[in-house]
Amino acid sequence: MKKSYLGLFIWLILFLLVCFSIPFFPLVEELSGRLFLLMAGIMIVVLMLIIYFTGNIYWINGMSFEESIRRGEEGRKEFAMKHLIPFSIATAIFLVFTIGSYLLGIAYWIDVVVFCVLIIGAAFSTIRVK
């Protein structure tokens, strides 16, 4: 295993391209905003999947490269999965919520608040993962 942040850098470029290309779609402003948030959530899940499959858990805050090597492959996969699950759940909940809120005509700012609470909640839930 070699220490490299190339995959993280490529993901970051893709994240920016995906998220910031959405405003150029000919959509209603509220729909493009909701789509932006949904794509941000999906891209976070994609990052967690990349970390899971590559074992680059040192990309996650609080884990050094040396610690990740000591964990072994199974330990790295377990650590990555404990981060993947909360973000996947948060994104899935937001998907259902944002579709419902759009169909019901709920104000867009509520989607922003719900998204932030879900993602921050997922992040806080991973703090205890060691």
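## Exercises on a four-helix model

Let's start with Phe 9, which sits in helix α1 (residues 6-21). Keep in mind that the model is predicted.

**Exercise 1.** Find which residues make the nonpolar surface patch that includes Phe 9, and give its area.

*Solution.* Begin at Phe 9 and collect its partners in the patch: Leu 6, Ile 10, Ile 13, Leu 14 and Leu 17. Together with Phe 9, they make a nonpolar surface patch of about 580 Å².

**Exercise 2.** Work out the overall layout: how many helices and strands are there, and what box do the C-alpha atoms fill?

*Solution.* Count the elements and you get 4 helices and 0 strands. Reading from the N terminus, the order is α-α-α-α. Along the principal axes, the C-alpha atoms fill a box of roughly 50 × 30 × 20 Å.

**Exercise 3.** Decide how α3 and α4 run relative to each other, and what kinds of residues make up their contact.

*Solution.* Grab the geometry to begin with: helix α3 (residues 65-104) and helix α4 (residues 108-125) pack at about 170 degrees, with axes 9 Å apart. Angles over 145 degrees count as roughly antiparallel, and α3 and α4 are therefore roughly antiparallel to each other. Next, look at who meets whom: the α3 side includes Phe 87, Ile 93, Phe 94 and Phe 97, while the α4 side includes Val 114, Phe 115, Leu 118 and Ile 119. Sorted by class, this contact has 13 nonpolar, 3 polar and 1 charged residues.

**Exercise 4.** Asp 111 of α4 also takes part in a salt bridge; identify which residue is its partner and where that partner lies.

*Solution.* The count comes to 2 salt bridges. One of them pairs Asp 111 with Arg 34, the closest N and O atoms being 3.0 Å apart, which is within the 4 Å cut-off. Arg 34 lies in helix α2 (residues 29-54) and Asp 111 in helix α4, so the pair ties together parts 77 residues apart in sequence.

Notes: Residues numbered from 1 in each chain as written. Predicted model: local features only at pLDDT ≥ 70, side-chain atom pairs only at ≥ 80, totals over all residues. Heavy atoms only, no water. Axes fitted to C-alpha atoms, helices over the stretch in contact; angles between N-to-C directions. Helix = DSSP H or I, 4+ residues; strand = E, 2+ residues; numbered from the N terminus. Parallel < 35°, antiparallel > 145°, perpendicular 65-115°, else oblique. Contact = heavy atoms within 4.5 Å. Nonpolar A, V, L, I, M, F, W, Y, C, P; charged D, E, K, R; others polar. Patch = residues over 30% accessible without salt bridge, like charges linked within 9 Å, V, L, I, M, F, W, Y side chains within 5 Å. Areas by Shrake-Rupley, 256 points an atom, 1.4 Å probe, with all protein chains shown as cover. Salt bridge = Lys/Arg side-chain N within 4 Å of Asp/Glu carboxyl O.
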